[in-house]
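This report goes through selected residues and helix contacts of one model, element by element. Please keep the structure shown below in view while reading.

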Amino acid sequence: MSRKMKNKVLKNLTIERIASEGKSVAHYEGKVVFVQNVAPGDVVDVRIRRGKSSFMEGEAIHIHEYSKDRVEPFCTHFGVCGGCKWQHINYDLQMEYKRQQVLDQFQRIAKVPIPEVLPIIGSAETQYYRNKLDFTFSNNRWLTKEEIDSGKDFERNALGFHIPKRFDKIVDVEHCYLQGGPSNDVRNALRDFALEKGLTFFDMIKQEGLLRNLIIRTSITGETMVIVQFGENAPEQIDQVMTFLSERFPDLTSLLYIINLKKNETFHDQDIHTFMGRDYIIEEMEGLQFRVGPKSFYQTNSKQAYELYKVAREFANLSGDEVVYDLYTGTGTIANFVAKKAKQVIGIEYVEAAIEDAKLNAKENCLDNTLFYAGDMKDMLNDEFVASHNAPDVIITDPPRAGMHEDVVNMLLKLAAPKIVYVSCNPATQARDVALLGEKYNVDIVQPVDMFPQTYHVENVVLLTLQK
């Protein structure tokens, strides 16, 4: 991009559509201009921030005309917090663009024949749908421009979410519309208590401070888990915090804490201490019960996860005689969900603690036709593994956002199971993998599912059948 274009203001650009990752698209002199936080139909002035020969990126600095598809954002933190970037777009249009995103990725990346992408399955709840949220304590609260310009002194401690692209800045959240139950009350009460008692909030630059992270998990059964992560091993202060929470919220199912002295907030390698109640909560789906521990993966939108798994089960179309491989099984939710309609289900997952949960969940639900193994997928799924088990009739795969390792894709081609059900949270990497699988498989059905209203993220399920 010419240096002359940086910071240049392009006037009266019409926002045409939404592209991948939620960016909106306009054009200037034949070149694509990507703009954040606008809606298709807006007419805006855009200040250019960066770009290359084929495109530019900028920010809207003035809106001349508002789109008819705009709606009023419901959250006071909209535009600052990076959580719900599509609050200003009506939900029907959100779903339309998510479906289009799937179609675009498959046409651009997969480049294999696909049937018509089915209408997206929308979420019945567009607010308070998440069952897990992570909040960060910080002594470096994000100040708005108005606060800075006022010249006043403001409380700099905060408990909330990271500002996009700023690891060291936290927006102090008063009310979050992503999670229901006691989530907002617990967060606000703990922050107020910490301020009243003068407890230290974490300094991300110096890597010091008592209060570091707060995780709240809720379940469809009405249970709640609260995890407090401490950045210092200070027994008296830790006991003070946990006692406050236990007395203020006696109905919590699980109250846990972690002492994490590392330089990051991940705690899969940390000890979890139970202060009150159980060390897990119960999720339920179609009569099945699942234990969800502090380290467990469970789909973040519980009610919509049921719709997603029903699609996967429908695509598998099991008669009761099939051997199913469930790859990236997590805590075995999909595996246990389809087990009653299969001869045998074999689940593989990298996280060992998740596999222990999967085994326990199978036992709790009286399922005796499941096997679970922990290990890196590309190392586990090999000729020796298949030789020691029945070959799969159906493969269900639900990998992380990065998609499947090329070795795993090659093994699937070698196994040549009659049917693959591919569940993905990232249509781009899914399309990449489908392009490789296209050597032996046809795409029969493409079904998007909206798990995350008010965001550009979309889940997608693809049925692949072996070519004859």
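## Glu155 and Thr144, on either side of helix 2

Glu155 is found in the loop that runs between helix 2 (145-150) and strand 8 (158-163), and, as everywhere in this report, the description rests on a predicted model. With a relative accessible area of 43%, Glu155 is partly exposed, since that value lies between the limits of 20% and 50% that set buried and exposed residues apart. The side chain of Glu155 reaches the backbone nitrogen of Asn157 at 3.0 Å. When residues up to four places away in sequence are not counted, Glu155 touches Arg141 and Leu195. A further reference point is Asn139, which is 16 residues from Glu155 in sequence and 8.9 Å from Glu155 in space, C-alpha to C-alpha.

Thr144 has its place in the loop between strand 7 (132-138) and helix 2. Its relative accessibility is 27%, so Thr144 counts as partly exposed. Along the chain, Thr144 and Val80 are 64 residues apart, while their C-alpha atoms are separated by 8.6 Å.

## Glu57 in strand 6

Is Glu57, a residue of strand 6 (residues 55-65), buried or exposed? Glu57 is buried, because its relative accessible area is 18% and the cut-off for a buried residue is under 20%. The side chain of Glu57 is joined to that of Lys23 by a polar contact of 3.2 Å. Lys23 is also one of the residues in contact with Glu57 once neighbours within four places in sequence are left aside, and the others are Phe34, Arg47, Ile48, Arg49, Arg50 and Gly51.

## Helix 3 against helix 4

Helix 3 (residues 183-197) packs with helix 4 (residues 235-248) at an angle of about 135 degrees, and their axes are 11 Å apart. That angle makes helix 3 oblique to helix 4, because the roughly antiparallel class takes angles over 145 degrees and the roughly perpendicular class those from 65 to 115. The crossing of helix 3 and helix 4 is right-handed.

Which residues of helix 3 and helix 4 meet? From helix 3 these are Val186, Ala189, Leu190, Phe193 and Lys197, and from helix 4 they are Gln240, Val241, Phe244, Leu245 and Arg248. Sorted by class, the residues of the contact of helix 3 with helix 4 are seven nonpolar, one polar and two charged.

## Helix 10, helix 11 and the residue that follows helix 10

The axes of helix 10 (residues 406-415) and helix 11 (residues 427-437) cross at roughly 40 degrees and come within 10 Å. Helix 10 and helix 11 are therefore oblique to each other, as angles count as roughly parallel only when they are under 35 degrees. The crossing of helix 10 and helix 11 is right-handed. Val409, Leu412 and Leu413 in helix 10 are the residues that meet Asp433, Leu436 and Leu437 in helix 11. By class, this contact of helix 10 with helix 11 has five nonpolar residues, no polar ones and one charged one.

Helix 10 has as its buried residues Val408, Val409, Met411, Leu412, Leu413 and Leu415. Of the helix 10 residues that meet helix 11, Val409, Leu412 and Leu413 are thus also among those listed as buried. Just after helix 10, Ala416 takes a positive phi of about 55 degrees.

## Positive phi at Asn37 and Gln454

Most residues other than glycine have a negative phi. Asn37 is not a glycine, yet has a positive phi of about 60 degrees. Its place is in the loop between strand 4 (31-36) and strand 5 (43-51), and at 45% relative accessibility Asn37 counts as partly exposed.

Gln454, likewise a residue other than glycine, has a positive phi near 75 degrees. Gln454 is placed in the loop between strand 21 (441-449) and strand 22 (459-466), where, at 6% relative accessibility, Gln454 counts as buried.

## Gly332 before helix 6

Gly332 is found in the loop between strand 16 (323-327) and helix 6 (333-338). Its relative accessible area is 0%, so Gly332 is buried. With neighbours within four places in sequence left aside, Gly332 is in contact with Phe290, Ala358 and Phe372. The C-alpha atom of Gly332 is separated by 19 Å from that of Val408, and the two residues are 76 residues apart along the chain; Val408 is one of the buried residues of helix 10.

Methods. Residues numbered from 1 in each chain as written. Predicted model: local features only at pLDDT ≥ 70, side-chain atom pairs only at ≥ 80, totals over all residues. Heavy atoms only, no water. Axes fitted to C-alpha atoms, helices over the stretch in contact; angles between N-to-C directions. Helix = DSSP H or I, 4+ residues; strand = E, 2+ residues; numbered from the N terminus. Left-handed = near helix turned anticlockwise from the far one by under 90°. Contact = heavy atoms within 4.5 Å. Nonpolar A, V, L, I, M, F, W, Y, C, P; charged D, E, K, R; others polar. Buried < 20%, exposed > 50% of the residue type's maximum accessible area, 1.4 Å probe, protein only. Polar contact = N/O pair within 3.5 Å; in protein donor to acceptor, adjacent residues only side chain to side chain.
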